[in-house]
Amino acid sequence: MNSLRQALDRVYLVGAYLSGLLLILLCALVIWSILARLLGVFAGGASDVAGYVMATSTFMALAYTFRSQGHIRVALFIQKVMGAKRRALEYWCLGIMSAISVYLAYYMVALAEESYEWEERSEGADAMLLWIPQTPVAIGSTLFAMAVVHTFAEAIFDYDSVDPNKTSGEGPSEI
Amino acid sequence: MTETFSIILFLGVLFVLLGTGVWVGAALLGTAIIGMALFSTAPIGDAMALTIWGEQSSWTLTALPLFIWMGEILFRTKLSETLFRGLAPFLQRLPGGLLHVNIGASAIFAAISGSSAATVATVGKMSIPELTRRKYPDRMIIGTLAGAGTLGLLIPPSISMIVFGVTVNESIAKLFMAAMIPGVCLAILFMLYVAGWSFFNKGKLPKAGDEPSENKLKRLFELLPVMLLILFVIGSIYAGIATATEAAALGVVGALVLSAAQRTLSLASFIESVLGSVRTTAMIMLILMGSGFLSLAMGYTGIPKALAEGISEWQLSPLMLIFILTLFYIALGCFLDGLSSIVLTMAVIEPMVRAAGFDMLWFGVYLMIVVEMAQITPPIGFNLFVLQGMTGKDMGFIARAAIPMFFVMCAFVVILVIVPELATWLPGVLSK
C-alpha cells in the first residue's frame, strides 16, 4: 500500500516536472516569436503552439497540485468541523471531486479521440493536427483523475493519512 | 418542472458545493454540468471538453503562467533588501518617516509582480524587522503593509487583471494601461493617510533621520535594475511593441538576469521557482475551467439576461448600482477568495454591467479594488494570513490594524466613481 502510494506520488511529481519543462518551452517559444519578428523571419504558428504548450503544461500539473493541497476550497464553514463529521464531509468532497475529475478526464480523452478520427486541424497558420496537443492534455486530465481517486481511496482505507484536522499540506499559494 | 424551481435548484447546488468545501473548480464544473442538464439539450460532456480546450489553449491566457513565473523568480531574490535600502534615505524625511517605505516599496514591487500576497511577503520580509527595531508602532507597520500589498493586484502586471480580461474578453494590455494611474493614486492616498496620522500622533513615532544618507546615490543606483525591469515589461506594453504575453516572457528573462546578477540564482532556486509557478498556475486554471463552463451554462439558464433586463427596469442609477455591487463584493469576500469572486460573479454580472453602460476597463479597475478590500477584512483575507505568518500577532490585531486602509480604499472607490478618467484616460491616449 505504502509503496504503491510512493510510486503514484512519483508519477504525479514527474507530471509536475514535465509541466515545468513545458513552461520553460512556452517562454522560449514566445521569445522566439519576438526575435523572429525583429529579424523579419516567419515564426510559423508560434502563438498557436504556445497555447497548446500552455494547455499541456497546466493539465500535467493538476495532479501534483491536488496531492500537495494546492487547489482552493472554501474553508469558512468546514474548518471548525472535527472528528467523524469532518470525516463524512471529506468523503462527500472527495466523492464529488472524484466523479467530476473522472468525468472531465473521460471527455478530454473523447475530445482527443474525435479529433484523431476526423483528422481535425487547428485554424491557425500551422494547421496542426489537433489530436497531437490534445493527447497530452487527455493524459494530464487522466493523471488528475487518478490522483483524486487515489486520495479518496486513501481516505477510506487510511483516514489518518489525509485527516485535515491532523495533517496540513503546503496549502494553496494564493495570489 | 417550472423554470423558477430549476433556477433555485441550480443556484442551490452551487452554494451547497462551495459551502461544504468542495474544491472551487470542481464545484463550478459540477454546477455547470447540472445547469446544462436542466436548461439545455446540448451534449454536456462534449460541450465541456470543447469549452475547456478552447479556453486553456488560447494565446491570451499564456500571459498568466509567464507572469506567475516572473513573480516566483523575483520572490527568491534579494529585492526586499534592495528596495528597503534604496528607498529609506529618501522617504524618511516625510511626515510618518519610514512607514512610507512600506507603501513605496509595495508600489514598486507591484509593478514587477502580479500578486498581492507576494508583495506583502517580499516587502514585509525586510521592513517588518527593520521598522520594529526602530520602534515604529506595530499597528501602523502591519496596517500599511496590508493596505499597500493590495497594490500588487492593481498596479500592472496583475494576475487577477489577466483573469478578469480573459473572462470578459477585454484586452489585457489595455487593462494594464487602465490600472496604472489608479494604482499610483491609491499609493499616494495611502501615503497621505500615513502623513495625516503622524500629524496627530507625533509622540508615537521615533525620530526620523537616522538613516545614513552619505551613500544616497550609491543606494539609488542599486534600484536601477528593478527600474529597468519595470521599464522593460510595462514600458514595452505601453509603447505597443509587445503584447502582454511577450512582455511577460521578456520579464522572465529580465528576472533571471537580475537574479543571476544578485547571485541568488541557483539550480535549486530555479527549479523551486518553476515548480511553484506550475502549482499556482494549475490552481488558477482549474478555477478558470470551472468558471468558463459555468458561464456557458449560465447563458442557458437566462439568469444573466434577466438580471441585465431587471437593471434597466428598476432604473437604478449607475451610482446606486456601484454602491450595491461594492457591498455585494465585500460580503462575498467573507467566504470566497478574490480570484473565485471575480470569475464566479462575472459569469452572471458581466451582461448587467455592460447593459448599465459601464466602461469595462474602468469596471476592471474598480473590481480589483473592491475585491482587494474584501481581502483585507476578516474572516478570509490572504494579506492578513501572510502578515499573521510573518509577525505572529493574532488575527484580531492584524485585522484592526488594516481597518484604516480599508476606509482609504473606500474613499478611493468614491474618487474613482467621480473621476472615471483616472482609469479611462491612459488607455485612450496610448492606444491611439
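Both E154(A) and R67(A) are buried, and in this predicted model the two residues form a salt bridge in which the closest N and O atoms are 3.2 Å apart. The pair joins distant parts of the chain, since E154(A) belongs to helix α4 of chain A while R67(A) belongs to helix α2 of chain A, 87 residues away. Side chains of opposite charge can pair when their charged atoms come close. The bridge between E154(A) and R67(A) is part of a wider arrangement, for R5(A), D9(A), R67(A), E154(A) and D158(A) are linked in a network of salt bridges.

One member of that network, D9(A), is placed in helix α1 of chain A. With a relative accessibility of 28%, D9(A) counts as partly exposed, because the range for that class lies between 20% and 50%. The side chain of D9(A) is joined to that of R67(A) by a polar contact of 3.0 Å. The backbone positions can be followed here as well: the C-alpha atoms of D9(A) and Y64(A) are separated by 7.8 Å, although the two residues are 55 residues apart along the chain.

A further salt bridge in chain A is formed by R73(A) and E90(A), whose closest N and O atoms are 3.2 Å apart. R73(A) lies in the loop between α2 and α3 of chain A and E90(A) in helix α3 of chain A, so this pair ties together parts that are 17 residues apart in sequence. The two partners differ in their accessibility class: R73(A) is partly exposed, with a relative accessible area of 22%, whereas E90(A) is buried, with a relative accessible area of 6%.

In chain B, the side chains of E272(B) and R76(B) meet in a salt bridge with an N to O distance of 3.1 Å. This pair too links distant parts of its chain, with E272(B) in helix α15 of chain B and R76(B) in the loop between α4 (63–75) and α5 (79–91) of chain B, 196 residues apart. E272(B), at 46% relative accessibility, counts as partly exposed, and R76(B), at 24%, counts as partly exposed as well. R76(B) also has a part in the surroundings of S269(B), a residue that lies in helix α15 of chain B: leaving aside neighbours within four places in sequence, S269(B) is in contact with R76(B) and T264(B). S269(B) itself is buried, with a relative accessible area of 13%. Over all chains, the structure holds 16 salt bridges.

From these charged pairs the description can turn to the place where the two chains meet. Across the interface of chain A and chain B there is 1 salt bridge, formed by R37(A) with E246(B), the closest N and O atoms being 3.2 Å apart. Across the interface of chain A and chain B there are also 7 residue pairs in polar contact, with both residues at pLDDT 80 or more. On the side of chain A that touches chain B, α1 (2–39), α2 (46–67), α3 (83–118) and α4 (131–157) of chain A each supply at least two residues, and the largest share, 14 residues, comes from α2(A). The residues on this side of chain A divide into 41 nonpolar, 15 polar and 5 charged. The contact as a whole takes 61 residues from chain A and 66 residues from chain B, and the two chains bury about 5500 Å² between them, 77% of it on carbon and sulfur atoms.

The interior can be described through its largest nonpolar core, which has 215 residues, those with the most contacts inside it being L66(B), F164(B) and F363(B). Helix α15 (residues 267–301) of chain B gives the largest share of this core, 15 residues. For F363(B), leaving aside neighbours within four places in sequence, the residues in contact are F164(B), L325(B), M346(B) and V353(B).

A last position to follow is Q375(B), which lies in helix α19 (residues 360–375) of chain B. Q375(B) is buried, with a relative accessible area of 4%. Again leaving aside neighbours within four places in sequence, Q375(B) is in contact with a set of residues including G333(B), L336(B), D337(B) and G338(B), and also with I380(B), G381(B), F382(B), N383(B) and L384(B).

Conventions: Residues numbered from 1 in each chain as written. Chains lettered and ligands numbered in written order. Predicted model: local features only at pLDDT ≥ 70, side-chain atom pairs only at ≥ 80, totals over all residues. Heavy atoms only, no water. Helix = DSSP H or I, 4+ residues; strand = E, 2+ residues; numbered from the N terminus. Buried < 20%, exposed > 50% of the residue type's maximum accessible area, 1.4 Å probe, protein only. Contact = heavy atoms within 4.5 Å. Buried area = accessible area lost by both parts, 1.4 Å probe. Salt bridge = Lys/Arg side-chain N within 4 Å of Asp/Glu carboxyl O. Polar contact = N/O pair within 3.5 Å; in protein donor to acceptor, adjacent residues only side chain to side chain. Nonpolar A, V, L, I, M, F, W, Y, C, P; charged D, E, K, R; others polar. Core = buried A, V, L, I, M, F, W, Y, C linked by side-chain atoms within 4.5 Å.
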